[in-house]
Amino acid sequence: MRQGLRVLGVAIRAEKAVFASAVLASAVYGGMTVASAWALGWATENIVLPTFEQGGVGAGALWTGVLLIVGTALLRAVGVAGRRILAGVMQYRMQARSRRDVSKQYLRLPLAWHHRHPTGQLLSNASSDAEAAWAPIAPLPMAVGVIVMLVTAAVAMVLTDPVLALVGFLIFPAIAVLNLVYQRRLSPLATRAQQLRAEVSEIAHESFDGALVVKTLGRESLETERFQRRAHELRDANIAVGRVRGLFDPMLEALPTLGVLAVLAVGSLRLASGAIDPGELVQVAYLFTLLAFPIRALGWVLAELPRSVVGWERVSAVLEAEGSMDYGRTSVPDTSAPAGLEVEDVSYAYGSGDVLHKVRFDVPPGRTVALVGPTGSGKSTLVQLLARLVDPDAGRVLLDGVDLRELPYGGVAESVALVPQQTFLFDDTVRGNVALGLEAGDDDVWAALRLAQADGFVARLPDGLATRVGERGATLSGGQRQRLALARAVVRRPRLLVLDDATSSVDPQVEARILHGLRDAAQASTVVVVAYRLATIALADEVVYLERGRVEDRGTHAELLERCPGYRNLVTAYEREEAERAAIAAEAEEEEGVSA
């Protein structure tokens, strides 16, 4: 309860004006509802009873009764409309604010934090958890506003007949106890259901993201069973929540009705004894029926609090997560020429296992360096450090002598561009995927496409730059997607371009033209490329050979072939693989020629 009230306090402080207006509208509704009870009692005493006793009443009394009843009804309608609209505005604003805050936090947190949290869970934090956290806001202004009705009705009952009021008030302790039991039963069930929502989202995202693996390995039935199992658990958890609500909601509804019956029973005795008149009994009975509504409104808020607390805790866990990157205010001296890169004794570990250990090398401005090493040697981790997706555990990465951690927010992205191993394209046009928010004209986009050797196939697309490429670039081949991703980096004219095996699906001749183009461009870049092909390695000015997270050797391709056995064995293995692929391709072409 205390946690839930604290969550509501956050919303009230954030939307003071809207909340106050919604409560005011709800108070108008509550006041007019009580006023309608008084109007009904007045009409009973001055119109209904005289009509039975005297056969009629005057026009003045009749019109007064009509105006009282209609006037209170109109004002009550205004209160209802204002309360609902403003409560909705407050609720959706808080949900939108939470989603924006969570999304901004995702962008601030380093990649290392994202590695520890499943994507499905992150989606759940930004969607269902943010929605659940502010679910009680919809009935909250009504619950607060109808307290006016509750107090006014209680005072009116006491003034009308204290004995009947006391009989009615006996129902409140029972309702309080019932609500307490309700919260204790519902809270753990709501927590479990909210957790299962995140797990179902995680499994669904994994299955969709790995659709190719699922299909090619024939795991459809296993994935369906895995999803079905968790979905059934979520179903059962929601049913358990619904069962508790189904048990307690009728009891909460029934208690006020029992109170009305008790008031009518005692009231009938007092009416028979002459202690009260019929109008007073009608007024007290009607007032007590009105008390049931505020009690139910408070119950609606209380019923949503357990789910709200769970959602808020899950959202807060993201907002309070540590590990966001710190930025400095130092600027690099020159923002137009190729950048110089220095890696000084950099170490990095995932958990307890070292991936990189005291890696040291430098790249002079305008040079091309190939990072070569066996699988697991730390190449991809190193390129993440070069683009400051993560920070090293020890050591420094310097750009023109400035530690990347000292650059201002956005400073690394202004000078460094990374083209990762896994190419990602948005369901957008070619222009949109290349520019990606950059204010770049068509001439700049075409220039980047030419440098990436992508202008030819883009020109042949149905709508050229305006052609939509589909989700994840589904309408393009792997090599085409890689060249668009490279153009996306090149159009920003980076001073340091980092390629993490970013041309693996591109023909070797095309790859060679790309690397030559990068070197001869009007604004050349310093290039660091993770390379596997001999043709790519041979184009580099220098090779840095990594093994077991350490720099084992560096030099030209010829020098390393001569003096580094590990490098020689690795490169000759690549050569044999390429030769085998070429032989298989030639054999296939020969067979096609014979069959033709």
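## The largest pocket

Let's start with helix H17, which gives the largest share of the lining of the largest pocket: six residues. Please keep in mind as you look around that this is a predicted model. The pocket itself holds about 2400 Å³ of space. It is lined by 50 residues, and those closest to its centre are Leu111, Leu389, Leu418, Pro420 and Phe424.

Which elements join H17 (478-490) in supplying at least two residues each to this lining? They are helices H3 (59-108), H4 (111-115), H5 (119-133), H8 (171-209), H9 (211-216) and H13 (411-415), together with strand E6 (416-419). Sorted by class, the lining has 28 nonpolar residues, 14 polar ones and eight charged ones.

## The six-stranded sheet

Strand E6, which we met in the pocket lining, also belongs to an open sheet of six strands. Walking across that sheet, the order is E6-E7-E8-E3-E9-E10, and the pairing is mixed. E6 and strand E10 (550-555) are at the edges with a single partner strand each, so one side of each has no neighbour in the sheet. From one strand to the next, the twist averages 15 degrees.

For a closer look at one pairing within this order, take strands E7 (residues 496-500) and E8 (residues 526-530): they run parallel and are joined by five bridges. Here Leu497 stands opposite Val527 of E8.

## Antiparallel pairs and a hairpin

As a general reminder, strands of a sheet pair through backbone hydrogen bonds, in either a parallel or an antiparallel sense. An antiparallel case is strand E1 (residues 341-350) with strand E4 (residues 394-399), where five bridges make the connection. Glu342 has Leu398 in E4 as its bridge partner.

E4 has another antiparallel pairing, with strand E5 (residues 402-403), over two bridges. In that pairing, Leu399 is matched with Val402 in E5. How many residues lie between E4 and E5 in the hairpin they form? There are two, and Asp400 in the turn has a positive phi of about 50 degrees.

## Where H15 meets H17

Finally, back to H17, this time for its packing with helix H15 (residues 442-451). The axes of H15 and H17 come within 8 Å and cross at roughly 125 degrees. Why are the two helices called oblique to each other? An angle of roughly 125 degrees lies outside the ranges for roughly parallel (under 35), roughly perpendicular (65 to 115) and roughly antiparallel (over 145), and H15 and H17 are therefore oblique. Their crossing is right-handed.

Key. Residues are numbered from 1 along each chain as its sequence is written. This is a predicted model: local features need pLDDT of at least 70, side-chain atom pairs count only at pLDDT 80 or more; totals for chains, interfaces and linings use all residues. Side-chain values use heavy atoms; hydrogens and water are left out. On a 1 Å grid over the protein atoms alone, a cavity is a set of points where a 1.4 Å probe fits but cannot get out, and a pocket is an open set with protein on both sides within 12 Å along at least five of seven lines; lining residues have an atom within 4 Å of a point. Grid points are joined across faces, edges and corners, and a volume is the space filled by probe spheres set on the points. Helices (H or I, at least four residues) and strands (E, at least two) are DSSP runs, numbered from the N terminus. Ala, Val, Leu, Ile, Met, Phe, Trp, Tyr, Cys and Pro count as nonpolar, Asp, Glu, Lys and Arg as charged, and the others, Gly among them, as polar. Two strands pair if DSSP finds at least two bridges between them. Axes are lines fitted to C-alpha atoms, for helices over the stretch in contact, and angles run from 0 to 180 degrees between N-to-C directions. A crossing is left-handed if the near helix is turned anticlockwise from the far one by less than a right angle, and right-handed if clockwise.
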